[in-house]
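Before reading on, please take a moment with the sequence and the coordinates shown here. The paragraphs below go from the chain as a whole to individual residues.

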Amino acid sequence: MSKNWRPATQLVHGGTLRSPYGETSEAIFLTQGFVYESSEAAEARFKGETDGYIYARYGSPTNDMFEKRMCLLEGAEDARAMASGMAAVAAAVLCQVRAGDHIVAARALFGSCRYVVETLAPRYGVECTLVDGRDLANWEAAIRPNTRVMFLESPTNPTLEVVDIAGVAKLADQVGATLIVDNVFATPLFQKPLELGAHVVVYSATKHIDGQGRCLGGVVLSSKDWITENLQDYFRHTGPAMSPFNAWTLLKGVETLPLRVKQQTANAAAIADFLAEQPQVAKVIYPGRADHPQADIVAKQMTGGSTLVAFELKGGKDAAFKLQNALEIVKISNNLGDAKSLITHPATTTHKNLTDEARAELGMSGGTVRLSCGIEDTQDLLEDFARAMASVGA
């Protein structure tokens with residue numbers, strides 16, 4: 001397998017295994033277990049003396065193909081496919097901490113991610129400090145001698161803040177902490193956290209990687225040593241494994257990832273520019289625009305904008321609901337990264353469990369809207385927004 005292939009080629013051919021039948025499309029191995037030629041062969045397999053599969057909870061040929069293909073794209077040595085994005089986040093965080101440890105995390109996190117570090121981990125004696133991740137000084141001030149994990153999203157959900165990954169990685173290295181980066185909003189095509197110094201990357205494969213609203217999935221990527229020393233036993237014994245059928249679906253999804261993300265990003269850039277000129281809009285946040293608050297960091301660590309746009313309507317929640325309800329092409333949904341354009345009101349959906357104060361800290365108001373652009377015709381989307389925006393009023 002050529003390591004010099006570019007992403008679009010890797011995502012079609014990378015990691016492919018073929019049975020003796022020589023199938024064109026990857027096979028789905030829908031099996032729970034595997035048969036051994038002899039009792040001695042089974043013993044050797046369980047001892048790790050010979051390679052091969054043991055049980056589908058530990059791994060399967062279809063999952064193995066998906067993991068290898070994601071490793072090629074991400075530049076990682078090893079990966080584990082998980083049942084969902086949150087299974088991946090929880091595994092990456094919890095597999096390496098114990099009572100007495102400390103986590104530093106950016107406060108701008110998806111609601112469930114914040115629950116894992118802020119609520120779940122402390123139940124097991126692991127303390128957590130949330131910081132404004134935009135300022136490296138905040139990370140440095142929060143670090144303790146027992147800091148084991150540092151965790152961030154960039155760009156963030158839903159306000160598309162950008163965090164200096166390389167800067168946080170240096171701080172993590174100074175204290176021997178593991179930096180975990182949720183890279184969903186950037187996609188592996190626009191940002192490479194491992195190259196920037198991060199130690200672990202997580203994805204909700206449900207989003208762009210499937211990108212067609214079909215199945216759940218997640219993946220954790222890192223060095224082979226980190227997977228072996230931290231994640232492997234957790235993975236084997238707690239059972240967050242991905243279904244082989246979902247792994248096969250995701251293999252089909254990644255084949256078209258570059259094509260979809262290219263069109264989604266072009267649509268997002270066009271709509272961001274359109275929204276920035278509307279009198280009903282208080283602000284637009286998009287990593288591809290020069291007026292993004294962290295435009296200098298975007299230029300340093302991202303090779304493209306994003307498929308998502310965050311914007312705030314002056315009329316608050318009422319205006320946000322009017323806009324969403326008036327759209328015809330764009331559908332109301334809390335998912336993102338789909339071939340269909342999707343829009344959501346974070347304060348009443350994905351981030352509804354945060355307090356008003358916590359949402360305000362994140363720059364989220366009642367008028368904040370998150371748009372995930374699909375692959376539709378750009379002009380059709382612009383016309384849809386122009387008509388819907390008129391219904392909002394001045």
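What follows is a walk through a predicted model, beginning with its overall dimensions and ending with single residues.

The protein chain has 16 helices and 12 strands, and its C-alpha atoms fill a box of roughly 75 × 50 × 35 Å when the box is taken along the principal axes. For 394 residues a compact globule would have a radius of gyration near 21 Å, and because the protein chain has 22 Å, the value agrees with that expectation. Of the 394 residues, 56% count as buried, and the chain exposes about 16700 Å², of which carbon and sulfur atoms supply 51%. When contacts between residues at least 6 apart in sequence are considered, 73% of them join residues at least 24 apart. The charged side chains comprise 37 positive and 45 negative ones, and the centres of the two sets lie 2 Å apart.

A useful place to enter the fold is helix α14, which spans residues 316–326 and whose buried residues are G316, A319, A320, L323, Q324 and A326. These buried residues pack against four strands and a helix, namely β9 (308–313), β10 (331–332), β11, β12 (368–372) and α16 (378–392). Strand β11 covers residues 342–344, and L342 is found in it. Because its relative accessibility is 8%, L342 counts as buried. Leaving aside neighbours within four places in sequence, L342 is in contact with V330, K331, S333, N335, L336, R370, L371 and S372. By contrast with these contacts, L342 and T9 are 28 Å apart in space from C-alpha to C-alpha, with their positions 333 residues apart in sequence.

Two further residues bring together parts of the chain that are separated in sequence. Q280 lies in the loop between α12 (257–276) and β8 (281–285), and its relative accessible area of 10% is why Q280 counts as buried. The C-alpha atoms of Q280 and A390 are separated by 9.1 Å, although the two residues are 110 apart along the chain. E26 belongs to the loop between α1 (7–13) and α2 (39–47), and with 5% relative accessibility E26 is likewise counted as buried. From E26 to K252 the C-alpha separation is 8.7 Å, across 226 residues of sequence. Residues up to four places away in sequence being left out, E26 touches V12, T16, M65, R69, W248, L251, K252 and E255, a list that includes both the acidic E255 and the basic residues R69 and K252.

The backbone deserves a separate look in the loop between β4 (147–153) and α7 (165–175), where P155 lies. A cis peptide bond joins S154 and P155, with omega at about -10°. P158 is found in the loop between β4 and α7 as well, and the peptide bond leading to P158 from N157 is also cis, with omega near 10°. L160, too, has its place in this loop, and its phi is near 60°, a positive value in a residue other than glycine. With a relative accessibility of 1%, L160 counts as buried. Elsewhere, T187 has a positive phi of about 65° although T187 is not a glycine. T187 lies in helix α8, residues 187–190, and is buried, with a relative accessible area of 1%.

How many disulfides does the structure hold? The structure holds zero, and the distances between sulfur atoms show the reason for two of the cysteines. The sulfur of C71 is 15 Å from the closest cysteine sulfur, that of C95, and this is too far for a bond. C95 is in no disulfide either, since the nearest cysteine sulfur, in C113, is 15 Å away, whereas a disulfide requires two cysteine sulfur atoms within 2.5 Å. Both of the cysteines are buried: C71 has a relative accessible area of 9%, and C95 has a relative accessibility of 15%.

Methods:
Residues numbered from 1 in each chain as written. Predicted model: local features only at pLDDT ≥ 70, side-chain atom pairs only at ≥ 80, totals over all residues. Heavy atoms only, no water. Helix = DSSP H or I, 4+ residues; strand = E, 2+ residues; numbered from the N terminus. Rg over C-alpha atoms; globule rule 2.2 N^0.38 Å. Buried < 20%, exposed > 50% of the residue type's maximum accessible area, 1.4 Å probe, protein only. Contact = heavy atoms within 4.5 Å. Areas by Shrake-Rupley, 256 points an atom, 1.4 Å probe, with all protein chains shown as cover. Charge placed at Lys NZ, Arg CZ, Asp CG, Glu CD.
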